[in-house]
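Please open the structure in your viewer and keep the selection tool at hand. The stops below are meant to be followed in order, with a pause at each one to look around.

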Amino acid sequence: MLLILTQNPDSVRNRILNSRNELGRLRSVEELTLSISLSNRKSEKSASSWFRLVWKDLKPFSREELISCRSELAEVGSDLLQVERPLDSGRKSLFAFDMDSTLIRQEVIDELARLAGVYEEVASVTREAMEGGLEFQDALYKRCAYLKGLPVSVFAELYPRLEPNKGVVELLLGLSRRNVNTAVFSGGFTDILELFKKDHPIGEIRANVLERKNGILTGTVTGEIVDKNKKLSYLREIRDREGIDRLQTVAVGDGANDALMLNEAGIGVGFHAKEGLKKLVLNWVDFAPMDALLLLFS
């Protein structure tokens with residue numbers, strides 16, 4: 001099944017009609033659902049509706065074909081997802097999220113480094129890790145060492161500066177209304193996630209714990225490290241514990257360390273994803289806000 005998320009249904013249909021490439025295959029298949037509006041984003045006065053166009057009973061597209069279709073749809077600001085089936089609104093489901101650059105726009109460790117006056121030092125470690133010179137855990141330990149001496153109160157100082165990505169607040173409210181299980185698995189820190197959880201309807205959180213003594217960060221991480229393998233493990237743990245079908249699970253992230261959990265979920269979605277993640281998963285959105293994922297429900 002193919003789903004196109006768009007603000008411009010007519011432009012998408014015209015693009016399909018005129019396409020000489022893979023997107024043109026959709027001309028010969030019945031369009032099942034037209035213009036299902038997503039119009040609950042009341043926080044923005046000028047918010048435009050998003051729609052889904054659905055094609056069912058379609059031979060699955062290859063990865064290369066999907067990329068070709070996305071290239072054409074990008075010209076009309078629209079996204080394409082290929083799924084086995086939409087989420088059944090009448091059954092239990094689970095949404096699992098990454099935190100930094102997914103639910104919020106910022107990377108928390110970078111913002112902490114700014115407050116500590118060591119941003120360039122931390123950024124250099126991040127670059128080294130991205131270039132393959134450091135494993136995630138080694139990079140985390142090295143970056144956290146630069147945070148030594150910060151007061152624990154820095155989290156309360158930083159939190160108000162963090163901005164949810166577009167549509168996040170509306171998505172979380174929409175999932176709460178549907179009694180959907182939600183969880184956040186973050187390579188960031190529990191202090192920020194606990195504050196976020198107080199403000200938004202999140203079921204469970206998993207993140208790293210920064211050691212502190214007498215109200216001061218020691219620059220070390222205590223306990224197990226939340227890396228790509230732990231994210232996968234947590235997804236399976238909650239899914240199996242709650243008796244949720246794999247096809248009723250959705251995982252959302254932006255970076256390569258989210259790939260395992262995205263590929264384990266029934267629907268894995270890279271949200272405004274980095275190229276490293278796009279190489280490892282089938283589905284991502286470049287244009288839609290987060291609350292457009294409510295259109296995954298039947």
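What follows is a tour of selected residues in a predicted model.

Begin with the two positions, D98 and D100, that carry the "active site" annotation in an unreviewed UniProt entry. Select D98, and you will find yourself in the loop that runs between β5 (94–97) and α3 (108–116). Is D98 buried or exposed? With a relative accessibility of 6%, D98 counts as buried, because buried here means under 20%. Now show the side chain of K231 as well, since the side chain of D98 makes a polar contact with that of K231 at 3.0 Å. If residues up to four places away in sequence are set aside, D98 also touches a number of other residues, among them L103, V184, F185, S186 and D254.

Move next to D100, which is found in the loop between β5 and α3. D100 is buried, at a relative accessible area of 9%, and, apart from neighbours within four places in sequence, D100 is in contact with Q106, E107, V108, I109, S186 and D254.

From here, turn to the aromatic rings, of which a search of the whole structure finds three pairs. Select F95 and F97 together: their ring centres are 6.1 Å apart and their planes meet at 35°, so this pair is tilted. Both F95 and F97 are buried, and together with F297 they form one aromatic cluster. While F297 is displayed, add R178, whose charged end sits over the ring of F297, 5.2 Å from its centre.

For another aromatic pair, select F185 and Y234, which are tilted with respect to each other, at 5.5 Å centre to centre and 50° between the planes. This pair links distant parts of the chain, for F185 belongs to strand β6 (residues 181–189) and Y234 to helix α9 (residues 228–242), and the two residues are 49 residues apart. Both F185 and Y234 are buried, and F185 may already be familiar as one of the residues that D98 touches.

Then select R25 and F61, where the charged end of R25 sits over the ring of F61 at 3.9 Å from the ring centre.

Finish with the cysteines C69 and C144. How many disulfides does a search of the whole structure find? The search finds zero. C69 is buried, with a relative accessible area of 0%, and C144 is likewise buried, with a relative accessible area of 1%.

Methods: Residues numbered from 1 in each chain as written. Predicted model: local features only at pLDDT ≥ 70, side-chain atom pairs only at ≥ 80, totals over all residues. Heavy atoms only, no water. Disulfide = S-S within 2.5 Å. Buried < 20%, exposed > 50% of the residue type's maximum accessible area, 1.4 Å probe, protein only. Phe/Tyr/Trp six-rings, centres within 6.5 Å; stacked < 30°, edge-to-face > 60°. Helix = DSSP H or I, 4+ residues; strand = E, 2+ residues; numbered from the N terminus. Lys NZ or Arg CZ within 6 Å of the ring centre and 35° of its normal. UniProt positions renumbered as here; feature names shortened; annotations may be inferred. Contact = heavy atoms within 4.5 Å. Polar contact = N/O pair within 3.5 Å; in protein donor to acceptor, adjacent residues only side chain to side chain.
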